[in-house]
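Reader: Could you take me on a close look at one part of this structure? I'd like to hear about the sheet and what surrounds it.

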Amino acid sequence: MPTTTWNRHHVISLADFTTAEYNTVLQTAASFQEVLSRRTKKVPTLQGQVVANLFFEPSTRTRSSFELAAKRLSADTLNFAASTSSMTKGETILDTAKTYLAMGTDIMVIRHKEAGVPNAIAAEMDRLGVRVSVLNAGDGQHEHPSQGLLDLFTICTLIDSNHPRIELLAGKKIAIVGDILHSRVARSNIWSLIASGAQVHLAAPPTLLPKLFAQYIYGEKTDTLNGQLFLHWQLEPALQDADFVMTLRLQKERMTAHLLPSLREYHQLFGITRQKLQLCKPNVKVLHPGPVNRGVEISSDLMDDPEFSLIQSQVTSGVAVRMALLYLIGSGKT
Ligand code: CP
């Protein structure tokens with residue numbers, strides 16, 4: 001493992017991540033990627049610790065990869081799903097968290113459909129004076145930091161698999177396309193990509209990319225953008241000479257109004273296809289955090305084409321990156 005200082009107790013957002021922290025995660029994940037390529041894929045690092053996956057909203061990738069990551073580190077895992085829990089009898093979120101605390105949980109991995117829930121639980125753990133860490137596994141339209149970190153790792157390891165580091169993205173053009181308004185993935189990726197020195201081009205219909213988006217997410221921090229964030233209401237200028245294209249799921253479950261005339265028109269204008277990729281650099285790669293609406297945000301054939309698609313690599317990277325986060329957060333506890 002890389003020798004480093006890691007002082008972060010919770011991971012709620014990438015907004016205040018430093019370059020050193022990004023590189024610590026990337027290098028630690030690279031070490032675990034090597035562990036995962038061995039015949040015996042398990043290390044005793046978190047033996048005796050308890051990792052509780054508290055998922056108040058559905059998930060396939062994030063929950064399974066956090067569980068596998070914890071098991072690869074030899075932690076004991078607890079899995080919670082709101083629909084089969086005592087929340088159906090009226091138990092509150094905080095009382096649920098305190099119940100897991102009473103069972104000796106060391107790390108809580110939390111997903112919720114409302115922004116701010118992981119932060120509220122972290123604040124309560126701090127108020128109680130207990131050494132329980134909270135990892136945000138996606139909260140509403142706020143952030144999805146482990147997804148942002150695994151996307152960063154996927155891209156950086158493609159460029160230099162031996163020594164992935166955030167500086168590798170300096171000057172690269174990265175397009176983020178789709179339902180940016182509702183996307184916590186975009187909100188985490190924008191932070192890491194801006195920190196890397198990349199040029200970040202957001203493209204969506206105006207209903208999914210309001211003009212005030214940059215101001216809305218950055219507020220008084222607009223001075224940190226360094227002229228690196230660009231907003232487009234057409235796809236083509238974002239794709240022109242792009243090195244990477246991140247396409248996002250249309251989050252129909254979060255749409256409270258009819259924001260699009262039709263899915264067919266959306267695919268025609270903003271769906272990523274082989275033909276549209278001809279605007280990009282010749283060796284462009286496409287990412288999608290999943291789950292995918294095939295034929296809507298990306299054509300089905302492109303999604304399955306390993307020459308362009310990094311979607312399966314993202315899922316694979318997720319285990320190593322989540323092992324890195326659990327290791328960095330948990331290694332100071334025993
Ligand atoms: N990318 C992502 O968060 O997927 P899941 O909802 O399946 O966890």
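Author: Happily; here is a walk along the sheet and the helix that packs on it. This is a predicted model, where local features need pLDDT of at least 70, side-chain atom pairs count only at pLDDT 80 or more, and totals for chains, interfaces and linings use all residues. Residues are numbered from 1 along each chain as its sequence is written, and side-chain values use heavy atoms, with hydrogens and water left out.

The sheet is open and has 5 strands, in the order β7-β6-β5-β8-β9, with parallel pairing. Strands here are DSSP runs (E, at least two residues), and helices are runs of H or I with at least four, both numbered from the N terminus. Two strands pair if DSSP finds at least two bridges between them. Because β7 (229-232) and β9 (285-287) each have a single partner strand, one side of each is left without a neighbour at the sheet's edges. From one strand to the next, the twist averages 20°.

Now for the β9 end. β8 (residues 244-247) pairs with β9 in the parallel sense, over 3 bridges. Here Phe-244 stands opposite Lys-285 in β9. Across β8 and β9 lies helix α5 (residues 145-159), running at about 160° to β8. For such angles, axes are lines fitted to C-alpha atoms, for helices over the stretch in contact, and the angles run from 0 to 180 degrees between N-to-C directions; contact means heavy atoms within 4.5 Å.
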